[in-house]
Structures are given as C-alpha cells and as structure tokens.
Amino acid sequence: MSSSSPAYMQLTKARIDWARHRIDEFIVDADAFLADGNYKIVREMEIEGDVRHIKFIMRVVEHPHPRLRFRVGDAIHNLRSIVDNLMHGLARTRNCTDNFGLEFKDTPAVFSKKYRGQIRCLPTEIQDWIVSEQLYSRCDGPSLLHILTRMWNGDKHRAPALMASAVPSVRFVGNLRGKFEIRGLRGCEDGNIVARYSLNKADVVDFNPDFMLGISFSNESPAKGAIVQKFLIDAHEHILGEVIPKFEPFLS
C-alpha cells in the first residue's frame, strides 16, 4: 500500500469536519435571518356564497443574503469532493494514474462503455457500490450522492439558489370546523398559498395554525425544494457514516 494512503484519509476527515463547520454556520445564520421576520405567513379572507375561505400566504420580505448561500455552496463542494478524493486516492494506491471520480451514467450500456474500464483498478466492493449508486440500479429515485453531484456540477462557481420554505405544524384551538388544506410545504415563493381553511361563513374561527418557517433550495434545483438544513445534515451523515467507512479499510 502506498505511504500516501493515510494522507488521503487525513484530507477526508479534514474536509468532512470543515463541511460540518459550514453547515453549523449556516444553521446559526439561517436562524438569525428568520428571526428578523424576513419570511411571514399572512392571512387573506374571501367569501364565496355561504363559505368563508382563509388563505395563508407566504410573504418574503427579503431573500437569503449571499453569506447564507455561500455557506451552503462551500458545504456542498466539500461534501461532494470527499468522494472523488477517496476514489482518486484509492486508485493511486493501486498504481492507477487515471484522474477520475464518482460518475453517473444513464444506462448500463453507457456505464460499461465509458466508465467500467476506468474503475476496474478499484476493489470489487467499491465497484459494486458505484454500480448501486447509478440511477438505473435504483427503484427509489436518484441517490443522495447523485443529487449532491448534480448540485455540485451546477453550482461549482456560484452559490445555490435558496428560497422560503413553510413547514407547518398545526395547533388546534377549540374545535376545527370546515376543511384545512395544506397547499405547499417547501420551496415557497412570495405570494404562494401555503394552506387554505374553508368553513361556513357563520361559523366562528376558533383555529390558530402555527407555521414553522425554514429555508429550502429552489424547486428547480436537483434537490427539488428540499429543506437546506436537513439536506446538508443528511448528506454529511451519509458520507461520514456510510461512504467513508467503505474506503477507510483500503486507505488506512
């Protein structure tokens, strides 16, 4: 085994720690940003015959400032780079000089033609894992690393777009009459209807929904409106708890 093997693990651990540092910074800054009232849920009422509709609408006073976005971008960059560093380091220990990392191909045929040969120098266990990460091998959609890769490629030189996200927890006061309907939970923009409450016009409104607010990625991003804090923590834990241990026996 190459004497440089431990160095790759040292770099990996430094990067995973730095990514967590960036995530923690984002959480602190995001809490402060939200505490300033930059996202609000307001009510609008309309009467339709004998029915009263109360709409709960997202109002964005200010979008997340660049510091928040760059913290997220740096966390994504370091998390995703870890995987390529591990693959590159492992390949070097096996005298493979090709500079390659984790890639995703659309079909088994394309994978075999354009990628299989590059990774033949890696242990069978790692090759099998790479295959399991391919979209065509999965029945539950793209893997977390696949999504992270698409975000990394798209935002390598810019910070990802962040948006408002309403994550409602509903508190009932008295009896809930009529119908309460959730319209949107994530990726809400200014003016989006988050929820709607319909009841008879003559009924007394005895209901106070409590909306918890957070920040999400754009609905158009590969993360499809995922809540930023949860997505980053999940990615960090996945790489720390599942990806790194696959490579560590070969690089220690």
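Student: Which element has the lowest mean pLDDT here, and which the highest?

Tutor: Where pLDDT is low, don't read the predicted coordinates in detail. Strand β3 (residues 162-169) sits lowest at a mean of 79, and helix α4 (residues 124-133) highest at 97, with pLDDT being the predictor's confidence in each residue, from 0 to 100. The chain averages 88, and 92% of its residues score at least 70. This is a predicted model: local features need pLDDT of at least 70, side-chain atom pairs count only at 80 or more, and totals for chains, interfaces and linings use all residues. Residues are numbered from 1 along each chain as its sequence is written, and side-chain values use heavy atoms, leaving out hydrogens and water.

Student: At what angle do α1 and α6 cross?

Tutor: Two packed helices are described by the angle and the distance between their axes. The axes of α1 (residues 5-35) and α6 (residues 228-251) come within 11 Å and cross at roughly 170°. That makes α1 roughly antiparallel to α6 (angles over 145 degrees).

Student: Which residues of α1 and α6 meet?

Tutor: Among them, Ile16, Ile23 and Phe26 in α1 meet residues of α6 including Leu232, Ile239 and Leu240 (heavy atoms within 4.5 Å). By class, this contact has 14 nonpolar, 4 polar and 3 charged residues.

Student: Which elements each supply at least two residues to the lining of the largest pocket?

Tutor: Rolling a water-sized probe over the atoms shows where empty space is left. Here α1, β6 (210-217) and α6 each supply at least two. Phe26, Met212 and Gln229 are among the lining residues, and by class the lining has 8 nonpolar, 2 polar and 2 charged residues.

Technical notes:
Axes fitted to C-alpha atoms, helices over the stretch in contact; angles between N-to-C directions. Helix = DSSP H or I, 4+ residues; strand = E, 2+ residues; numbered from the N terminus. Parallel < 35°, antiparallel > 145°, perpendicular 65-115°, else oblique. Nonpolar A, V, L, I, M, F, W, Y, C, P; charged D, E, K, R; others polar. 1 Å grid on protein atoms, 1.4 Å probe; cavity = no way out; pocket = protein on both sides within 12 Å on 5 of 7 lines; lining within 4 Å.
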